[in-house]
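I opened the notebook to record what I looked up in this structure. My topics were the sheet, the cysteines and the pocket.

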Amino acid sequence: MTKFWSEPFFHFFPDADRDFYYTLSDDGRLAAKYEDWQKDKMRISTERLHIRPFQQSDLHSLYQLLSDADVMQYLEPPFSEKRTAVFLDEAALCDNPLIYAVDDNNGNFVGYVIYHAYDEMAYEIGWVLGKEHWGKGYADELTQALIADAKDRTKSLVIECSPEQSATKKIALRNGFAYEGNVDGCEVYRRKI
């Protein structure tokens, strides 16, 4: 049986979606193996949705999402393609991603979730979904999946939103989050796990 280290010793192809891993075979020989670096990263599935690491090939779908004025209403001004590419690199294709792609059961890009350390005691969660997917219960489904996953990672979860985001506030309250206060213009909801 070959054993793989969970993290590569070094990144051999900096512009590729693959890393160079050292392996140790049963007879103790050191060997090298190329593996898709994303295989060991977070993946969560629900009945209808799949959370996965972003890939460079998601750029166009992410741009379609983030350039939509309705989707971005409470977030930021709509993104340009260049701004989307920078965001993808800095928030998703980094060593410690802040966001993860969400696909439906047919492999269609639905949007993304926010899932990362917030402070010493909490992870932040959230979601940004294409407007064609609003009203399907996806945000509740994703929230519940992230709550379940977070039990092994942290002691509490946080959702931040604009005070005008009534749908997000309802989802937070429905899933056991309580209003904690206002930080930098965002309402903060927290749930202990």
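My entries follow, topic by topic.

**Model.** I am working from a predicted model.

**Sheet.** I began with the strand order. Eight strands make up an open sheet, in the order β4-β5-β6-β7-β8-β9-β11-β10. The pairing is mixed. I then looked for the edges. They are β4 (44–45) and β10 (178–183), each of which pairs on one side only.

**From β5 to β6.** I checked how β5 (residues 49–52) meets β6 (residues 99–104). The two run antiparallel and are joined by four bridges. Arg 52 sits opposite Ala 101 of β6.

**From β6 to β7.** Next I moved along the sheet. β6 and β7 are antiparallel, with five bridges between them. I noted Tyr 100, whose bridge partner in β7 is Val 113. The two strands form a hairpin, and four residues lie between them. Gly 107 is in that turn, with a positive phi of about 85 degrees.

**From β7 to β8.** I found eight bridges here, again in the antiparallel sense. Asp 119 faces Ala 122 in β8. The hairpin that joins these strands runs through two residues. I also looked up burial for β7. Eight of its 11 residues are buried, so I logged the strand as mostly covered.

**A positive phi at Asp 184.** I asked where Asp 184 lies. The answer is the loop between β10 and β11 (186–192). Its phi is near 50 degrees, a positive value in a residue other than glycine. I then asked whether Asp 184 is buried or exposed. The relative accessibility is 78%, so Asp 184 counts as exposed, the cut-off being over 50%.

**Cysteines.** How many disulfides does the structure hold? I found zero. Cys 186 is in no disulfide, and the nearest cysteine sulfur, that of Cys 161, is 7.4 Å away. A disulfide needs the sulfur atoms within 2.5 Å, so this pair does not qualify. Cys 186 has a relative accessible area of 25%, so I logged this residue as partly exposed.

**Largest pocket.** I looked up the volume, which is about 1,000 Å³. The lining has 43 residues, and the closest to the centre are Leu 75, Trp 127, Val 128, Gln 165 and Thr 168. By class, I noted 24 nonpolar, 10 polar and nine charged residues in the lining. Which elements each supply at least two residues of the lining? I listed the helices α2 (81–92), α3 (138–150) and α4 (166–174). The strands are β7 (109–119), β8 (122–129) and β9 (156–161).

How values were computed: Residues numbered from 1 in each chain as written. Predicted model: local features only at pLDDT ≥ 70, side-chain atom pairs only at ≥ 80, totals over all residues. Heavy atoms only, no water. 1 Å grid on protein atoms, 1.4 Å probe; cavity = no way out; pocket = protein on both sides within 12 Å on 5 of 7 lines; lining within 4 Å. Points joined across faces, edges and corners; volume = space filled by probe spheres on them. Nonpolar A, V, L, I, M, F, W, Y, C, P; charged D, E, K, R; others polar. Buried < 20%, exposed > 50% of the residue type's maximum accessible area, 1.4 Å probe, protein only. Pairing = 2+ DSSP bridges.
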